[in-house]
Amino acid sequence: MHCFHCMHELPAGGTGFCPRCGKPAQEPNAPHQLAAGTILNNRYLVGNVIGEGGFGITYIGFDRSLDVPVAIKEYYPSSCANRLSNYSNDITITYGDGYDYFVNGQERFLKEAKSIAKFTDDNGIVDVRDYFTANNTAYIVMEYLEGIDLRRYIKQYGVFRPDAIFRLMLPIMRALGKIHGAGIIHRDISPDNIMYLHDGTSSKPCRSCSSPATRRMSSTAARATRGRGQMCIRCAPPSTPASPARRRPIRSTAHAEKRWRRRRRSGSTSVRRSRPS
């Protein structure tokens with residue numbers, strides 16, 4: 001038996017609080033989500049939800065063949081899908097335009113999973129372990145990452161020094177270059193997608209609950225088709241947090257230029273044009 005929050009193996013008869021994470025070990029999911037304890041594809045144990053967005057739900061899971069935690073992403077567009085897991089884990093699809101939207105989206109979801117899986121051997125991109133269909137929908141099984149996203153990290157420690165952020169972004173740019181070379185644009189690199197691993201060895205942008213935001217380029221890159229997959233890219237964590245003195249908003253050159261022009265139009269002659277900080 002495993003804790004549905006962290007997938008730590010519980011002692012015999014343990015159904016109270018998990019000794020590892022301290023949370024209720026057998027807490028149920030919401031009715032529209034997969035029931036915790038469900039077995040998918042005769043292999044993956046489904047735990048609690050770790051993220052949810054308009055197009056999907058992500059669960060922590062456990063690979064019973066490899067004995068490792070995994071992340072399980074379920075295609076679940078809330079605009080046209082319903083489920084009551086108290087009765088069945090099968091998704092009910094709204095017919096008409098909603099049905100076509102669901103089916104087309106599911107095809108793109110699995111197609112992007114196949115595209116991402118090609119980068120499994122790359123140290124900069126999260127591993128895709130498996131993908132399959134079940135319960136009238138589709139699933140992607142990925143490696144599970146424990147850490148803190150960059151948005152929360154900045155809120156806690158402040159912004160980064162320039163040398164630290166450049167060092168942080170360089171591996172991301174290299175990995176994105178490989179992805180772009182394969183004709184895929186991520187379009188969703190943001191602070192809440194960059195995650196520091198708890199072991200401090202590496203980190204990856206990992207969106208666990210957002211709507212998919214990849215785009216597959218045509219040969220001319222002039223037109224593109226929206227995808228349904230998510231990619232996660234490794235990056236190296238900074239050696240130290242930003243000092244309190246550097247915890248200030250980051251102003252771009254465009255912002256400074258706009259502010260200078262606004263003051264100039266107001267007729268202020270005492271304002272000197274200076275380099276943006």
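What follows is a walk through the predicted model, from its overall make-up to its sheet, its first helix and its salt bridges.

Taken as a whole, the protein has 277 residues, and 42% of them count as buried. Its secondary structure comes to 4 helices and 14 strands. The accessible surface adds up to about 15,400 Å², with carbon and sulfur atoms supplying 50% of that. As for how the chain folds back on itself, among contacts with a separation of 6 or more, 55% join residues 24 or more positions apart.

Confidence is a good thing to look at before the details. The mean pLDDT is 74, and 70% of the residues reach 70 or more. Strand 1 comes out highest, with a mean of 96, while strand 14 (residues 224-226) comes out lowest, with a mean of 26. The pLDDT is below 50 over residues 205-213, even though the model gives this stretch 47 contacts beyond near neighbours in sequence. Residues 217-252 also stay under 50, and here the model has 123 contacts beyond four places in sequence. Where pLDDT is low, the predicted coordinates should not be read in detail.

Now for the sheet. Six strands line up in the order 1-2-3-4-8-7, forming an open sheet with antiparallel pairing. Strand 1 (39-40) and strand 7 (128-134) sit at the edges with a single partner strand each, so one side of each has no neighbour in the sheet. Further in, strand 3 (residues 56-63) runs antiparallel to strand 4, and the two share 8 bridges. One of the facing pairs puts Thr-58 opposite Lys-73 of strand 4. The hairpin made by strand 3 and strand 4 leaves 4 residues between the strands, and in it Asp-67 takes a positive phi near 60°.

On to strand 4 (residues 68-75) itself, which is mostly covered, with 6 of its 8 residues buried. Besides strand 3, strand 4 also pairs with strand 8 (residues 137-143), again in the antiparallel sense, this time over 5 bridges. Val-70 has Glu-143 in strand 8 as its bridge partner. Strand 8 in turn pairs with strand 7, antiparallel once more, over 6 bridges. Here Thr-133 finds its bridge partner in Ala-138 of strand 8.

Strand 2 (residues 44-52) is home to Ile-50. This residue counts as partly exposed because its relative accessibility is 36%, which falls between the 20% limit for buried and the 50% limit for exposed. Ile-50 also shows how the fold brings separate parts of the chain towards each other: His-5 is 45 residues away in sequence, yet the two C-alpha atoms are 8.5 Å apart in space.

Helix 1 covers residues 97-117, which makes 21 residues. From first C-alpha to last it reaches 31 Å, close to the 30 Å expected at 1.5 Å a residue. Its buried residues are Gly-98, Phe-102, Gly-105, Gln-106, Phe-109, Leu-110, Glu-112, Ala-113, Ser-115 and Ile-116. As background to such a list, an α-helix has 3.6 residues a turn, so residues three or four places apart point the same way.

Finally, the charged pairs. Side chains of opposite charge can pair when their charged atoms come close, and the structure holds 4 salt bridges. One of them joins Arg-43 and Asp-63, whose closest N and O atoms are 2.8 Å apart. Arg-43 belongs to the loop between strand 1 and strand 2, and Asp-63 to strand 3, so the pair ties together parts that are 20 residues apart in sequence. The two partners have unlike surroundings: Arg-43 is partly exposed at 25% relative accessibility, whereas Asp-63 is buried, with a relative accessible area of 1%.

Another of the salt bridges links the side chains of Arg-83 and Glu-74, at 2.8 Å from N to O. Arg-83 and Glu-74 are both buried. A further salt bridge brings Asp-163 together with Arg-161, with 3.5 Å between the closest N and O atoms. In this pair Asp-163 is partly exposed, with a relative accessible area of 44%, and Arg-161 is partly exposed too, at 23%.

How values were computed
Residues numbered from 1 in each chain as written. Predicted model: local features only at pLDDT ≥ 70, side-chain atom pairs only at ≥ 80, totals over all residues. Heavy atoms only, no water. Buried < 20%, exposed > 50% of the residue type's maximum accessible area, 1.4 Å probe, protein only. Expected span 1.5 Å × (residues − 1). Pairing = 2+ DSSP bridges. Contact = heavy atoms within 4.5 Å. Areas by Shrake-Rupley, 256 points an atom, 1.4 Å probe, with all protein chains shown as cover. pLDDT = per-residue confidence, 0-100.
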